Amino acid sequence: MDFSDAALLLAAGLAAGTVNAVAGGGSLITFPALIAVGLPPVPANVTNSVAVSPGYLASVAGSWRDLPVRRTVLRLAPTAVVGAVAGTLLLLNTPARAFELVVPFLVLGATAVLAFQDPLRRLVGHPRDLGPRRRVVTLQAMVAVGSLYGGYFGAALGVMLVAGLALVLDETLARVSALKNLISAVVGVTTVAIFAAFGPVNWVAVAVVAPATLIGGYAGARLVRRLPPVVVKSLIVAFGTVIGCFLLYRALR
């Protein structure tokens with residue numbers, strides 16, 4: 001790796017950490033950067049998952065005060081771990097083509113759910129009107145699907161989690177975003193453990209990208225707390241739409 005490669009990965013890591021904290025989808029910055037410096041697709045995907053994980057931890061530190069009650073967090077963490085393990089095993093043991101075709105529609109669907117959150121709430125019921133059991137089951141299902149996706153690929157995981165969590169939680173967007181950061185961190189730590197043991201990780205690239213995502217992740221989480229909810233929501237919807245269209249273009253070309 002020469003100086004220009006290292007500079008590209010450093011810039012990508014800073015941008016990805018910030019984007020992951022604000023909207024999610026930073027992996028679509030670092031993943032192409034890793035491809036650009038010469039890594040094949042699967043090692044680039046695995047390396048990317050390991051490299052961006054510290055940024056999730058920094059995002060949690062920056063949004064810690066906005067987390068929901070501890071009981072909610074403790075109930076969701078095991079689901080996130082199981083989903084992430086299933087996703088990483090899927091990546092390491094199955095062809096990627098079929099999933100690549102599904103991913104863009106998942107991302108665009110999640111973005112649409114967030115964009116039309118209020119009409120959907122009127123259709124399915126506001127979170128405060130849901131029964132306790134239905135709310136718990138729906139919330140666990142959202143986290144399980146998101147964590148499975150995060151273990152497999154991870155790009156736009158934040159968009160998908162915010163869309164699903166905001167639909168079933170009667171919380172401010174800042175608190176939903178804080179929970180998204182924590183779940184993303186759990187998924188990230190799980191994927192690191194598995195990919196470090198079994199995946200083709202390029203540790204030189206990780207050493208460049210990971211510290212940059214830490215700085216960007218903390219800065220992005222602090223930024224979210226200062227932005228009006230409508231601005232945060234607009235950023236997530238806009239970025240999710242761009243990500244979904246980009247993934248669809250990649251899958252169909």
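## Helix α3 and two buried helix residues

Helix α3 covers residues 41–62, and its 22 residues should span 32 Å at 1.5 Å a residue; the end C-alpha atoms are 32 Å apart, so expectation and model agree. The model is predicted. Beyond α3, this briefing covers G13 in helix α1 and S184 in helix α9.

**Helix α3**
- The helix bends by about 25 degrees at S53.
- A proline, P54, follows within four residues of that bend.
- Most of α3 is covered, with 17 of its 22 residues buried.

**S184 in helix α9**
- S184 lies in α9, which runs over residues 173–198.
- Its relative accessible area is 2%, under the 20% cut-off, so S184 counts as buried.
- The S184 side chain comes to 2.9 Å from the backbone oxygen of K180.
- Setting aside neighbours within four places in sequence, S184 contacts Y56, L157 and L161.
- One of these partners, Y56, falls within the residue range 41–62 of α3.

**G13 in helix α1**
- G13 sits in α1, which takes in residues 3–22.
- Its relative accessible area is 0%, so G13 is buried by the under-20% criterion.
- G13 touches T30, V209, A212 and T213, leaving out residues up to four places away in sequence.
- From G13 to A212 the sequence separation is 199 residues, yet their C-alpha atoms are 4.8 Å apart in space.

Methods
Residues numbered from 1 in each chain as written. Predicted model: local features only at pLDDT ≥ 70, side-chain atom pairs only at ≥ 80, totals over all residues. Heavy atoms only, no water. Helix = DSSP H or I, 4+ residues; strand = E, 2+ residues; numbered from the N terminus. Expected span 1.5 Å × (residues − 1). Bend = angle between axes of the 7 residues up to and from the residue. Buried < 20%, exposed > 50% of the residue type's maximum accessible area, 1.4 Å probe, protein only. Polar contact = N/O pair within 3.5 Å; in protein donor to acceptor, adjacent residues only side chain to side chain. Contact = heavy atoms within 4.5 Å.
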